[in-house]
Amino acid sequence: MNPLDTPIEFLKGVGPVRGELLNKEIGIFSFADLITYFPFRYVDRSEFHTISQINEEMAFVQLKGKITNLTSHGKHRTTRLSAKFSDGTGIIELVWFQGIKWIKEKLTNPGDFVIFGKPTIFNGKLNIAHPEVESLSKFMNEIPPGLQPVYSSTEKLKSRGLDSKGIAKLTQKILSNPQIFFAENLPLPLLSAYKLPSRDEAIRNIHFPENLAKMQRARARLKFEELFFIQLRLLQTKILVSKKIKGHPFLKVGSVFNQFYAECLPFELTNAQKRVIREIRKDLGSGIQMNRLLQGDVGSGKTLVALMSALIAIDNGYQAALMAPTEILANQHYQTISKFADKLPLNIALLTGSTKKSERKPIHEGLLNNSIHIIVGTHALIEDGVRFNNLGLVIIDEQHRFGVAQRARMWAKNLIPPHILVMTATPIPRTLSMTLYGDLDISKIDELPPGRKPIITRHFFDSGRARVFAFMKEEIHKGRQIYVVYPLIEESQKLDLKDLMDGYNSITRSFPLPEYAVSIVHGRMKAEDKDYEMQRFVKGETQIMVATTVIEVGVDVPNASVMIIENAERFGLSQLHQLRGRVGRGADQSYCILMTGNKLTSDGQTRIRTMVQSNDGFVISEADLKLRGPGDMMGTQQSGLMEMKIADLVYDDVILKSARNAARNILEQDPELNLQENGGIKKHLLKIQQKKGNWGLIS
């Protein structure tokens with residue numbers, strides 16, 4: 001057995017109790033897990049300061065000198081230990097509130113000490129609370145000079161002596177074992193081309209670097225390695241799908257598509273839409289299953305592209321299905337597609353969880369006898385009872401909202417898997433899309449239909465509410481309608497937020513009947529009540545809709561020209577952008593007003609500034625990635641791909657592109673990884689695949 005596969009409890013100094021804690025707290029089960037638990041920062045223990053040099057602005061200082069005047073204060077839980085520390089240039093107080101007995105015993109030894117900690121001011125004097133302390137002789141003999149690793153720990157681990165220092169000691173034990181060697185998993189030509197150190201050198205220098213330069217090289221190597229294997233797996237899947245998984249060949253563009261283009265097209269297609277349709281058309285005619293991600297900003301015309309793709313399937317004798325994550329969104333797609341295609345000889349059906357039993361039977365029969373050409377629905381489409389005559393194209397809206405296993409069930413609806421078109425209205429940053437969707441071909445609709453005016457976004461503090469109300473009245477007198485969105489339904493004692501009910505009462509007082517009518521919609525309402533209020537707004541019977549974020553998707557009212565978002569600082573950038581996209585759907589100038597409290601955090605200021613300055617969803621998504629990180633942006637992690645130990649998609653985009661290029665070049669030359677020089681890659685890849693379920697073939 002490889003020594004690195006040894007369970008962690010068998011490492012000297014761990015044992016069953018500590019081993020179980022390491023399992024539960026930070027997911028460390030083996031020696032290999034501990035070795036890949038990397039430091040998140042380093043402290044420089046090579047430099048010594050003098051007391052006369054230090055001030056409270058310094059992050060950490062290291063001093064050597066003598067400890068005097070060791071004194072205990074208080075009793076029981078309020079006990080603290082203080083000492084004077086002198087190095088000949090001055091005196092500073094040291095203080096401890098925990099571990100006092102152990103510290104006392106340690107400090108009674110004669111001789112000089114080395115202390116390390118953060119200087120602060122207390123009662124006008126410099127002191128260091130809970131410094132690390134070591135005798136000078138032990139420090140010189142046992143603590144390696146230079147950069148010392150700092151590891152994340154937890155309170156439970158610290159209570160068992162497994163703070164950062166304890167984890168470092170365990171790691172050092174593994175690395176000092178002469179039987180431990182980290183075999184290379186990248187070919188030598190690749191290391192040479194990208195000037196990367198060996199794996200063994202990188203792992204040793206990531207934990208205990210000899211100097212700053214070696215630490216930086218080690219981090220670069222391990223980031224490259226991590227991203228390389230992620231990209232390799234994605235590209236392998238892409239190649240496998242393109243070579244082995246046949247697709248229905250849609251060989252013609254026929255009468256239905258041409259009739260739609262000539263008679264039903266609601267507006268001239270943008271150049272971006274034309275480009276994307278050409279890309280989809282090429283895929284559909286290739287005889288290989290299409291797996292394409294369609295990215296497009298709010299209002300860019302993705303649904304129209306999806307419909308035209310479905311018409312190609314229909315012209316070739318196949319059916320199409322569009323699956324949406326919510327009933328509201330499924331209903332909107334159904335209504336939009338039905339309106340677009342009302343002159344065509346098509347049967348379009350809607351199937352959701354709310355579809356009555358009496359209505360389901362004819363839908364099931366229509367799908368089986370091919371009389372239904374397009375089915376729009378929710379998760380209801382993947383139920384066992386839903387079977388198709390000849391399903392050729394599946395369009396999935398907001399893929400990340402569906403589980404992988406759920407999507408896989410759509411494959412079973414046909415002997416030959418249908419073509420897959422995935423749509424998202426959340427523009428995805430380049431680095432994130434390369435990692436999450438690197439196995440798909442990607443199309444972007446990066447321009448809005450003609451005639452759309454950019455939405456004007458303004459920021460107001462609560463003190464400017466009177467001006468906002470006056471503006472609302474002006475817009476209503478022009479015949480426009482207004483959304484007012486709140487983050488909560490009821491007042492929260494923990495968060496100082498405007499709540500929906502309070503806002504509704506305030507607006508009804510300020511906008512009295514009969515001149516102004518107000519709808520209210522939130523997630524706790526019954527479906528029929530929610531639909532009733534929404535329909536009142538859609539028909540223009542109410543001028544203002546007060547709502548929570550349930551209207552983030554699924555409401556399309558071209559006459560609504562103003563979106564007011566209360567407590568905008570509490571929303572993420574992606575959500576703010578989605579909410580803003582509810583307006584600007586007609587020919588009139590539209591506005592988004594961001595209301596905030598007077599005090600904004602640095603992140604809050606960045607979000608508001610970004611929204612005011614840009615309408616570009618891709619610019620906003622890049623800013624969101626930097627603020628929130630990739631895990632937060634995507635919600636549920638995609639097949640474990642986001643579980644990265646050292647790479648950072650926000651800052652490592654250059655390394656990511658290099659790793660993807662390297663993986664592509666290797667697979668082009670050696671698709672099966674059979675060359676001797678690629679043996680390390682193949683072995684490491686097998687180990688990764690054994691640890692994780694392979695959902696790679698599921699689009």
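## Exercises on a predicted model

About 60 Å³ of space lies in the largest cavity. The model is predicted.

**Exercise 1. Find which residues and elements line the largest cavity.**

Step 1. Start with the search. Across the whole structure, two cavities of 30 Å³ or more are found.

Step 2. Take the largest cavity and list its lining. Eleven residues line this cavity. Closest to its centre are Thr426, Pro427, Ser574, Gly617 and Ser621.

Step 3. Assign the lining to elements. Two or more residues come from each of α20 (573-580) and α22 (617-628). Helix α22 gives the largest share, four residues.

**Exercise 2. Determine how the buried residues of helix α3 are arranged, and what covers them.**

Step 1. Pick out the residues under 20% relative accessible area. In α3 (residues 100-107) these are Ile100, Ile103, Lys106 and Leu107.

Step 2. Look down the axis of α3. The buried residues fall within an arc of 125°, so they line one face of the helix.

Step 3. Check the other side of α3. Lys101 and Trp102 are exposed there.

Step 4. Identify the cover. Strands β2 (61-73), β3 (80-86), β4 (91-96), β5 (113-117) and β8 (132-135) are included in what covers the buried residues of α3.

**Exercise 3. Trace the open sheet of seven strands and place its edges.**

Step 1. Write down the strand order. The sheet runs β12-β13-β11-β14-β15-β10-β16, and its pairing is parallel.

Step 2. Mark the edges. β12 (348-351) and β16 (441-445) are the edge strands, each pairing on one side only.

Step 3. Add the twist. From one strand to the next, the twist averages 20°.

Step 4. Inspect one pair. Strands β11 (residues 319-323) and β14 (residues 391-397) run parallel and are joined by five bridges. Ala320 stands opposite Leu393 in β14.

**Exercise 4. For helices α11 and α12, state which strands each touches and at what angle each packs.**

Step 1. Take α11 (residues 271-284). This helix packs on the sheet and touches β10 (291-296), β15 (419-424) and β16. The direction of α11 makes about 155° with that of β16.

Step 2. Take α12 (residues 302-315). This helix also packs on the sheet. The strands touched by α12 are β10, β11, β13 (374-377), β14, β15 and β16. The direction of α12 makes about 170° with that of β15.

Step 3. Put the two contact lists together. β10, β15 and β16 appear in the list for α11, and they appear again in the list for α12.

Note on methods:
Residues are numbered from 1 along each chain as its sequence is written. This is a predicted model: local features need pLDDT of at least 70, side-chain atom pairs count only at pLDDT 80 or more; totals for chains, interfaces and linings use all residues. Side-chain values use heavy atoms; hydrogens and water are left out. Buried means under 20% relative accessible area, exposed over 50%, partly exposed in between (1.4 Å probe, protein chains only). The arc is that of the directions from the helix axis to the C-beta atoms. Contact means heavy atoms within 4.5 Å. Two strands pair if DSSP finds at least two bridges between them. Axes are lines fitted to C-alpha atoms, for helices over the stretch in contact, and angles run from 0 to 180 degrees between N-to-C directions. On a 1 Å grid over the protein atoms alone, a cavity is a set of points where a 1.4 Å probe fits but cannot get out, and a pocket is an open set with protein on both sides within 12 Å along at least five of seven lines; lining residues have an atom within 4 Å of a point. Grid points are joined across faces, edges and corners, and a volume is the space filled by probe spheres set on the points.
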